[in-house]
Amino acid sequence: MAKYVAAVDQGTTSTRCILFDRAGRVVSVAQKEHEQIYPKPGWVEHDPMEIWTRTQEVVAEAVKKAGAQPGDIAAVGVTNQRETTVVWNRHTGKPYYNAIVWQDTRTKDICDALAADGGQDRFRAKVGLPLATYFSGPKIMWMLENIPGLREDAEKGDAIFGNIDTWLIWNLTGGPNGGAHVTDVSNASRTMLMNLETLDWDDEILSIMGIPRAMLPRIVPSSDPNPWGYTAADGPFGDAIPVTGDLGDQQAALVGQTCFSPGEAKNTYGTGCFLLLNTGTDIVHSKSGLLTTVAYKFGDGPAVYALEGSIAITGALVQWLRDNLKFFEKSAQVEECARSVEDNGGVYFVPAFSGLFAPYWRSDARGVIVGLTRYANKGHICRAALEATAYQTRDVFEAMIQDSGVSLKALKVDGGMVYNELLMQFQADILNVPVVRPVVAETTSLGAAYAAGLAVGFWSDLDDLRQNWQVDKTWEPQMDEATREDLYRHWKKAVERTFGWVE
């Protein structure tokens, strides 16, 4: 009888494979980073072949660490950095170009041209998204316009597109030898090409963007009792295992946090920050700069939707202090540096490195540090960097309350930064709500495992999953109202200083 479910979690900076048991506990984990490629200012790329190599390595390592034998793994689920765009040849399996990463801003002119007729919200009623460099559709347009011979191959059906989930599932299930070309509703809802009502590619938008439908994967449920394919027995899993789960990373974290009821919310602190609020089967269109996205669809059940606030740079700012400014050797040391001072010393750091995402959507913004005096030191800048994550979350939090009318009672948190005690306490203070960390903070991988395991009956229903969720730590607000509002008012002033930098 199967003992585990495997999750392949392909993130912006690294790839992981985690095996979970029935209680949702981590049995084994393996993780490897991949190269970040910056060919020009504002351009961010990954090598899809390197990502596939890293995936095979971490899968083999995690399976070996768990001592898993054939038959021990019930199903495989995939979760991924969303919007990152790959186009490859279906016969050779070779990419035509590097993956264009979600943070990449090269499509600004394409987005501006599309917005010239109908504004930034031209497609929002259909797809729930503003025109922004973030999403996959404009990235595909850029590839079709700039890579010689690609359009011709795409129209013949030889060149195919996928976000990273599609790329990995295709390779895991055979690649050029019959690999499944699929994406789930949560990932499809990040392309700007899927109609939220029909859950199908929108022919009018495809026509406007000039994207051949033949390139696009088949849209499937996030948890599918009909396996899309099986892992190759001679591949890294060493067994033919059904691949039945697929969720974009932020939706996967929502599932991993068991936010299955309307009004439940989670925030993931990774490279960026992503706050999602479950709105049930209702499509709630934002008037406050949030995204309307598909949260998940389990089997034949209805699609469940969410409001999302996406913040581009949070954990990436700590990496920038580490790698570019050499403030410390390990990311975890940022907390010690920030604790060396009592407060931010009047310093605010707005990390608009690739523009501002929710709720502003300003691709003309760039990063600023304001409030500097001779008094300011490295500690103040580290503290301001951590506080920036909490302030940006507050921006999104306010927009969510405005759009949904739901007053959030607590915030469930996950991701790498939730072990930073200083940040979590400041987050509770600036939001004035409790911040709750679960025992298993690897909720993105767990969500992918849940989707795959539900499909094959490893877990029987959502109540099974809810019973696995346990509180590890809660931070209660401790800051007085006057201080909170004064700090936040200065943050808003700092944000305004970033606007209009790129002309």
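These are my notebook entries on a few features of this predicted model.

**Entry 1: strand E16**

I began with strand E16, residues 273-280. I counted 8 of its 8 residues as buried, so the strand is largely enclosed by the rest of the structure. Next I sorted its residues by direction. Cys 273, Leu 275, Leu 277 and Thr 279 point one way. Phe 274, Leu 276, Asn 278 and Gly 280 point the other way. Residues on both sides are buried. I noted the general rule here: side chains in a regular strand alternate between the two faces of the sheet.

**Entry 2: neighbours of E16**

I then looked up the pairing. E15 and E16 run antiparallel and are joined by 5 bridges. The connection between E15 and E16 is a hairpin of 3 residues. I traced one pair in detail: Lys 266 has Leu 276 of E16 as its bridge partner. On to strand E18, residues 304-311. E18 also pairs with E16 in the antiparallel sense, over 7 bridges. Leu 276 turns up again here, with Glu 308 of E18 as its bridge partner.

**Entry 3: helix H9**

Helix H9 spans residues 249-256. I found the helix mostly covered, with 8 of its 8 residues buried. Among the buried residues are Asp 249, Gln 250 and Gln 251. Ala 252, Ala 253, Leu 254, Val 255 and Gly 256 are also on that list. Just past the end of H9, I checked the backbone. Thr 258 has a positive phi of about 50°.

**Entry 4: the largest pocket**

I looked up the pockets next. The largest has a volume of about 1100 Å³. It is lined by 42 residues, and those closest to its centre are Tyr 269, Gly 270, Thr 271, Gly 415 and Gly 416. Elements giving two or more residues to this lining include strands E1 (4-10), E2 (14-20) and E3 (26-33). H9 and strand E15 (265-269) are on that list too. So are helices H10 (315-323), H11 (333-339) and H14 (443-455). H10 gives the most, with 5 residues. By class, I have 12 nonpolar, 20 polar and 10 charged residues in the lining of the largest pocket.

**Entry 5: the second largest pocket**

The second largest pocket has a volume of about 660 Å³. Its lining has 24 residues, and closest to the centre are Tyr 38, Val 44, Ile 313, Trp 320 and Phe 353. H10 shows up once more: the largest share of this lining, 5 residues, comes from that helix. The classes here are 8 nonpolar, 11 polar and 5 charged.

**Entry 6: Asn 377**

I picked out Asn 377, which sits in the loop between strand E20 (368-370) and helix H12 (378-404). Is Asn 377 buried or partly exposed? Its relative accessibility is 37%, so I put it down as partly exposed. The cut-off for buried is under 20%. The side chain of Asn 377 reaches the backbone nitrogen of Gly 379 at 2.8 Å. I also took the distance to Trp 102. The two are 275 residues apart in sequence and 33 Å apart in space, C-alpha to C-alpha.

**Entry 7: cysteines**

How many disulfides does the structure hold? I found 0. I then looked up the accessibility of two cysteines. Cys 111 has a relative accessible area of 5%, so I list it as buried. Cys 382 is buried as well, with a relative accessible area of 0%.

Terms used
Residues numbered from 1 in each chain as written. Predicted model: local features only at pLDDT ≥ 70, side-chain atom pairs only at ≥ 80, totals over all residues. Heavy atoms only, no water. Buried < 20%, exposed > 50% of the residue type's maximum accessible area, 1.4 Å probe, protein only. Helix = DSSP H or I, 4+ residues; strand = E, 2+ residues; numbered from the N terminus. Polar contact = N/O pair within 3.5 Å; in protein donor to acceptor, adjacent residues only side chain to side chain. 1 Å grid on protein atoms, 1.4 Å probe; cavity = no way out; pocket = protein on both sides within 12 Å on 5 of 7 lines; lining within 4 Å. Points joined across faces, edges and corners; volume = space filled by probe spheres on them. Nonpolar A, V, L, I, M, F, W, Y, C, P; charged D, E, K, R; others polar. Disulfide = S-S within 2.5 Å. Pairing = 2+ DSSP bridges.
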